Structure formats: C-alpha cells, structure tokens
Amino acid sequence: MFGLGWPEIAVITIVAVLIFGPKKIPELGTALGKTLRGFKEEMKTPSDEINQEEEKQ
C-alpha cells in the first residue's frame, strides 16, 4: 500500500491516535470516504460547466 511497510503504517496509526484521539478516528474515516466517493462520482460524470465550455469552443 503506497510502498509502506507494516512498521510505517503502525507509526502513522499511533501518531493519528495521539493527535485525534481514538473516538475521532472513525469520524475522520467516514468523512474521507464520503469525500473520495463524491470525487469519484464527479470524475465519472462531467459537470454542466465543463459541457458548456466545450460547446462554446
């Protein structure tokens, strides 16, 4: 995963728990998942603004 080994992932996890606390981590994961899902949907379906710009050219 991104060229990281288990020791690096463990250190990142420990630092995240220390910074945000164990109760905040699931909320951050949920928010990140929603953000990525929305970004993925926007990449699949171009918005109206892009279509209007293409029609002008």
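Is Phe 20 buried, exposed or partly exposed, and what is its relative accessible area? Phe 20 is partly exposed, with a relative accessible area of 44%. The legends below belong to a predicted model.

**Figure 1. The whole chain is built from three helices and zero strands.** Read along the sequence, the pattern is α-α-α. The chain has 57 residues, and 2% of them count as buried. Its accessible surface comes to about 5600 Å². Carbon and sulfur atoms hold 65% of that surface.

**Figure 2. Confidence varies along the predicted chain.** The average pLDDT of the chain is 81. A score of at least 70 is reached by 75% of the residues. Among the elements, H1 has the highest mean pLDDT, at 89. Helix H3, residues 48–56, has the lowest, at 61.

**Figure 3. Helix H1 has the span expected of its 15 residues.** Helix H1 covers residues 6–20. At 1.5 Å a residue, H1 should span 21 Å. The expected span counts one less than the number of residues. The end C-alpha atoms of H1 are 21 Å apart, so the model agrees with the expected value. Just after H1 comes Gly 21, with a positive phi of about 85 degrees.

**Figure 4. Helix H2 is hardly covered.** Helix H2 runs over residues 25–44. From its first C-alpha to its last, H2 reaches 29 Å. That is close to the 28 Å expected for its 20 residues at 1.5 Å a residue. How many of the 20 residues of H2 are buried? The count is zero.

**Figure 5. A nonpolar patch lies on the surface.** The patch has an area of about 570 Å². Its members are Val 11, Val 15, Val 17, Ile 19, Phe 20, Ile 25 and Leu 28. Which elements give two or more residues to the patch? They are helix H1 and helix H2. H1 supplies the largest share, five residues. An α-helix has 3.6 residues a turn, so residues three or four places apart point the same way.

**Figure 6. Phe 20 and Val 17 are two patch members in close-up.** Phe 20 is found in helix H1. Val 17 lies in helix H1 too. A patch residue needs over 30% relative accessible area. Phe 20 passes that cut-off because its value is 44%. Val 17 passes because its value is 35%. Both residues count as partly exposed. What does Val 17 touch, leaving aside its neighbours within four places in sequence? Val 17 is in contact with Pro 22 and Ile 25. Ile 25 is also a member of the patch.

**Figure 7. Lys 24 and Glu 27 form a salt bridge.** A search of the whole structure finds one salt bridge. The side chains of Lys 24 and Glu 27 meet in it, at 3.5 Å from N to O. Are these two partners buried, exposed or partly exposed? Lys 24 counts as partly exposed, at 40% relative accessibility. Glu 27 is partly exposed as well, with a relative accessible area of 48%. Partly exposed runs from 20% to 50%, so both values fall inside that range.

Terms used:
Residues numbered from 1 in each chain as written. Predicted model: local features only at pLDDT ≥ 70, side-chain atom pairs only at ≥ 80, totals over all residues. Heavy atoms only, no water. Patch = residues over 30% accessible without salt bridge, like charges linked within 9 Å, V, L, I, M, F, W, Y side chains within 5 Å. Areas by Shrake-Rupley, 256 points an atom, 1.4 Å probe, with all protein chains shown as cover. Salt bridge = Lys/Arg side-chain N within 4 Å of Asp/Glu carboxyl O. Helix = DSSP H or I, 4+ residues; strand = E, 2+ residues; numbered from the N terminus. Buried < 20%, exposed > 50% of the residue type's maximum accessible area, 1.4 Å probe, protein only. Contact = heavy atoms within 4.5 Å. pLDDT = per-residue confidence, 0-100.
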